[in-house]
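Work through the exercises below with the sequence and the model at hand. Each task is followed by a solution in steps.

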Protein chains: 2
Amino acid sequence: MQLSNTEEELMEHLWNLEKAYMSDLLEQFPDPRPAPTTIATLLKRMQEKGFVSYNQHGRSRQYFPLVAKTDYFGSHVRGLIKKFFNNSSAQFASFFTKETDLSAKELEELRAIIDKEIERKES
Amino acid sequence: MQLSNTEEELMEHLWNLEKAYMSDLLEQFPDPRPAPTTIATLLKRMQEKGFVSYNQHGRSRQYFPLVAKTDYFGSHVRGLIKKFFNNSSAQFASFFTKETDLSAKELEELRAIIDKEIERKES
DNA sequence: GAGGTTGCTCTACAAATGTAGAAAATTAAA
DNA sequence: TTTAATTTTCTACATTTGTAGAGCAACCTC
């Protein structure tokens, strides 16, 4: 099952913190903070969906992600590519570089990454 | 407002066809086809959300997208980048190349694209 | 040890989503 | 022209999402 939008936002915070108590998570939200019960509900649903677990640490729980950000994100992107780009990563990459307006520096950086990848692949 | 998942799928077909009658759209779906009323409902909602319009063409309507795929997709990706990569395209690109397991050929292709972009930028 | 604070579960409820039947209107087909 | 298929609107209903109060248990504080 998929995370909903709000759940995803919460997950982001959890990925950043790696481990967190309710209060830590609550703190992460910008000012008109959601009610603590809202966060609690979300965490519960996320547990049911298998994205989050916790360690009972004294009185309360220290939550942590069960799914790595890279995994989650990777499958997300693959989904997009499949849906919009006929499953062609290169087609996507092409679109991406053209459309997202990378700076010269970013482009250089990206090329370096790719070169490294190519090298890695060759060995 | 955003398209929901099913709406997005339908939109995909519409982008592919460019213009389409109900029946054309219905045909696009793999076998356990949704009921025609389902498609109709979706189209209606998509019109309300401003993603689709139509020309009354004789008895029925020829639907067409109001939003270009590249625009829709671009803002989608930008959203992801913002949410997951701290708004850094390069960070995203790096992740992308590392994680999506491009083939050697795709990597070469991608590098060519980037080189071209760099060139374009320099001029 | 009485009262506030925190974190949790349970319950609730409005809005959005996924799905489609009923019915009307139109048209194609026999 | 009677019948059958097509397209649309309306209505409906279960599920999921966003949001949070009520209430309870555990703790902290004086």
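**Exercise 1: helix α1 of chain A**

The buried residues of α1(A) pack against α2 (22-28), α3 (36-48), β1 (52-57), β2 (60-65) and α4 of chain A, together with α4 of chain B. Packing here rests on contact, meaning heavy atoms within 4.5 Å. The model is predicted: local features need pLDDT of at least 70, side-chain atom pairs count only at pLDDT 80 or more, and totals for chains, interfaces and linings use all residues. Residues are numbered from 1 along each chain as its sequence is written, chains are lettered from A and ligands numbered from 1 in the order in which they are written, and side-chain values use heavy atoms, with hydrogens and water left out.

Task: list the buried residues of α1(A) and check the span of the helix.

Solution.
1. Helices (H or I, at least four residues) and strands (E, at least two) are DSSP runs, numbered from the N terminus.
2. Buried means under 20% relative accessible area, exposed over 50%, and partly exposed in between (1.4 Å probe, protein chains only). In α1(A) the buried residues are Glu7(A), Glu8(A), Leu10(A), Met11(A), Glu12(A), His13(A), Leu14(A) and Trp15(A).
3. The expected span is 1.5 Å times one less than the number of residues. For the 13 residues of α1(A) this gives 18 Å, and the end C-alpha atoms are 19 Å apart, which agrees.
4. Just after the helix, Glu18(A) has a positive phi of about 75°.

**Exercise 2: helix α4 in both chains**

Task: find what α4(B) packs against, and state which residues Phe84(A) touches.

Solution.
1. The 16 residues of α4(B) should span 22 Å at 1.5 Å a residue; the end C-alpha atoms are 22 Å apart, in agreement.
2. Tyr72(B), Phe73(B), Gly74(B), Val77(B), Leu80(B), Ile81(B) and Phe84(B) are buried in α4(B). The buried residues of this helix pack against α1, α4 and α5 of chain A, together with α1 and α5 of chain B.
3. Asn86(B), just after α4(B), takes a positive phi of about 55°.
4. In chain A, Phe84(A) belongs to helix α4 (residues 69-84). Phe84(A) counts as buried because its relative accessibility is 2%.
5. Leaving out residues up to four places away in sequence, Phe84(A) touches Glu8(B), Glu12(B), Trp15(B), Lys69(B), Tyr72(B) and Phe73(B).

**Exercise 3: the relation between the chains**

Task: how is chain A laid on chain B?

Solution.
1. Copies are superposed by least squares on the C-alpha atoms of residues with pLDDT of at least 70 in both.
2. A turn of 179° and a shift of 0.1 Å along the axis lay chain A on chain B with an RMSD of 0.3 Å. The two copies are therefore related as by a two-fold rotation axis.
3. The same surface serves both copies, as 100% of the contact residues of chain A recur in chain B.
4. Arg111(A) comes closest to the rotation axis of the residues of chain A, at 3.2 Å (C-alpha).

**Exercise 4: the largest pocket**

Task: which elements line the largest pocket, and how do the lining residues divide?

Solution.
1. On a 1 Å grid over the protein atoms alone, a cavity is a set of points where a 1.4 Å probe fits but cannot get out, and a pocket is an open set with protein on both sides within 12 Å along at least five of seven lines; lining residues have an atom within 4 Å of a point.
2. Grid points are joined across faces, edges and corners, and a volume is the space filled by probe spheres set on the points. The largest pocket has a volume of about 820 Å³.
3. Two or more lining residues come from each of α1 (5-17) and α4 of chain A and α1 (5-17) and α4 (69-84) of chain B.
4. Ala, Val, Leu, Ile, Met, Phe, Trp, Tyr, Cys and Pro count as nonpolar, Asp, Glu, Lys and Arg as charged, and the others, Gly among them, as polar. The lining has 5 nonpolar, 12 polar and 5 charged residues.
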